[in-house]
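This briefing is meant to be read with the coordinates open beside it. It takes the ligand site before turning to one helix and two individual residues.

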Amino acid sequence: MNKTLIMTPGPTSVRENVRLARAKETTNPDIDEKFYEFYKETCHKLGIFLNTNNEVRILSGEGILGLEAACASLTERGDRVLIIENGIFGEGFGDFVKIYGGEPFYFRNNRKRKVDIEELKSFLEKDSNFKYATIVHCDTPSGVLNDIDKICPILKEKGILTVVDSVAGMGGEELQVDNWKIDIALGASQKCLSAPPGLTFLSISEDAFQSMENRKNPIASFYCNLLVWKDYYKNKWFPYTPPISDIIGLDKAVDNLLNEKNIIERHDKIASATRAAIVSAGLKIHIEEGYSNTVTVIDVPHGINDKKIIKYMLDNYGVMITGSFGYLEGRVLRIGHMGENATVEKVSYTLFALQKALEHYGYTFYKDIVSIFFERI
Ligand SMILES: *Cc1c(COP(=O)(O)O)cnc(C)c1O
């Protein structure tokens with residue numbers, strides 16, 4: 001294999017038709033009215049993908065811009081914001097709230113498990129005076145998946161706006177923005193959508209726009225201001241020149257997703273077989289409950305160095321996986337099986353390379369990991 005196989009939990013491989021779409025002739029997207037139609041149509045397709053009738057906007061910036069834009073647009077000085085967290089991205093929302101003058105209140109959970117719904121309910125019985133709440137769908141550093149379908153309706157019932165980071169979930173996990181009452185759902189181009197990094201997109205509810213319009217003070221940002229995007233189509237005006245080639249690529253990536261009927265099942269099948277193979281081979285999945293189907297996070301066996309495993313796999317087999325960061329640094333290995341990477345071929349080869357690397361550094365397998373993977377797939 002002469003090309004590196006990128007099996008990290010994003011960025012993922014980009015399908016050829018997306019790469020080629022990005023090479024298309026461009027125009028001046030601020031002036032050309034046809035581009036406004038194209039942008040609108042791409043947003044509409046993203047809405048279908050997210051199961052929402054809410055407005056969708058694509059912004060020029062990587063996924064983190066989506067998180068910051070949601071917080072910048074909703075937060076006013078002194079606002080109480082509920083940060084529901086069981087992972088690094090979940091907790092990180094609180095930092096954006098602080099930057100914009102809000103007061104984050106952390107509802108902390110066991111980081112090896114999904115957010116406990118009953119505990120959240122009883123917490124909200126005592127205190128539900130929050131302008132909005134943030135929650136991560138799949139918290140990628142640990143691979144934990146939260147029940148957004150249960151969490152957001154509970155919050156909404158208490159009059160709390162809901163912000164969901166589904167960057168690493170959407171496309172690999174079920175996501176129903178309208179049915180699940182998500183005011184702002186945000187995603188990015190480089191995970192299950194399998195386009196290159198560079199774009200974030202958000203669905204924004206009426207309630208969320210209204211909350212922005214009712215602010216006492218203006219939004220303290222321009223680039224992170226969602227309200228300036230509200231009437232772009234009516235006014236035929238973009239706040240800044242959209243990255244046209246990126247958006248043409250994203251449009252093709254959404255087509256790919258919408259054309260695949262069983263995309264959630266594909267991820268489920270690959271992820272289940274991966275977990276079964278990992279566990280039967282004697283390795284340990286890092287979390288205990290709430291496994292995401294887009295990333296598998298494995299504890300580094302005792303006495304083994306994560307960086308050496310990663311380097312060995314890359315140097316000898318051309319497969320790139322990754323470790324993690326923050327409190328998980330050095331403790332886990334992560335295999336991404338999202339979008340274009342969630343295939344039997346790619347994942348089985350990755351598991352093969354993982355076994356070779358671990359064996360090279362002295363770890364003994366109970367069983368051949370690839371055989372188990374093929375038995376379970
Ligand atoms: C990837 C990801 C983002 C975007 O962050 P980067 O690390 O800059 O790619 C945001 N949220 C989650 C949950 C992600 O997995």
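The points below are grouped by topic. The model is a predicted one, and the values quoted are computed from its atoms. The ligand is surrounded by residues that include Glu62, Thr140 and Asp165, while helix α9, His267 in helix α10 and Val295 in strand β11 are described after it.

**The ligand and its surroundings**

- The shell around the ligand is made up of Glu62, Ile64, Leu67, Phe89, Val136, Cys138, Thr140, Asp165, Val167, Ala168, Gln190 and Lys191, and by class it contains seven nonpolar, two polar and three charged residues.
- On the oxygen side of the ligand's polar contacts, an N or O atom in the side chain of Glu62 lies 2.6 Å from a ligand oxygen atom, and a polar side-chain atom of Thr140 is 2.3 Å from an oxygen atom of the ligand.
- For Asp165, the ligand partner is a nitrogen atom, which is 2.7 Å from an N or O atom in the Asp165 side chain.
- Taken on its own, the ligand has 370 Å² of accessible area, of which the protein covers 81%.

**Helix α9**

- Helix α9 comprises the 16 residues 244–259, and the distance from its first C-alpha to its last is 23 Å, close to the 22 Å expected at 1.5 Å a residue.
- The buried residues of α9 are Ile244, Ile247, Ile248, Gly249, Leu250, Asp251, Ala253, Val254, Asn256 and Leu257.
- These buried residues pack against the helices α1 (16–21), α2 (33–49) and α10 (263–280), and also against the strands β2 (55–60) and β10 (199–204).

**His267 in helix α10**

- His267 lies in helix α10, and the residue counts as buried because its relative accessible area is 0%, under the 20% cut-off.
- Apart from neighbours within four places in sequence, the contacts of His267 are with Gly171, Gly172, Cys192, Asn293, Thr294, His337, Met338, Gly339 and Ala342.

**Val295 in strand β11**

- Val295 belongs to strand β11, which spans residues 295–299, and Val295 is likewise classed as buried, since its relative accessible area is 2%.
- When residues up to four places away in sequence are not counted, Val295 touches Pro9, Cys138, Thr140, Gly143, Arg334, Ile335, Gly336 and His337; of these, Cys138 and Thr140 also appear among the residues around the ligand.
- Although Val295 and His337 are 42 residues apart along the chain, their C-alpha atoms are separated by 5.6 Å, and His337 is also one of the residues in contact with His267.

Definitions and conventions:
Residues are numbered from 1 along each chain as its sequence is written. This is a predicted model: local features need pLDDT of at least 70, side-chain atom pairs count only at pLDDT 80 or more; totals for chains, interfaces and linings use all residues. Side-chain values use heavy atoms; hydrogens and water are left out. A residue is near a molecule or strand if one of its heavy atoms lies within 4 Å of it. A polar contact is a pair of N or O atoms within 3.5 Å; within protein, one must be able to donate a hydrogen and the other to accept it, and residues adjacent in sequence count only if both atoms are side-chain atoms. Accessible areas come from the Shrake-Rupley method with a 1.4 Å probe; for residues, only the protein chains shown count as cover. Ala, Val, Leu, Ile, Met, Phe, Trp, Tyr, Cys and Pro count as nonpolar, Asp, Glu, Lys and Arg as charged, and the others, Gly among them, as polar. Helices (H or I, at least four residues) and strands (E, at least two) are DSSP runs, numbered from the N terminus. The expected span of a helix is 1.5 Å times one less than its number of residues. Buried means under 20% relative accessible area, exposed over 50%, partly exposed in between (1.4 Å probe, protein chains only). Contact means heavy atoms within 4.5 Å.
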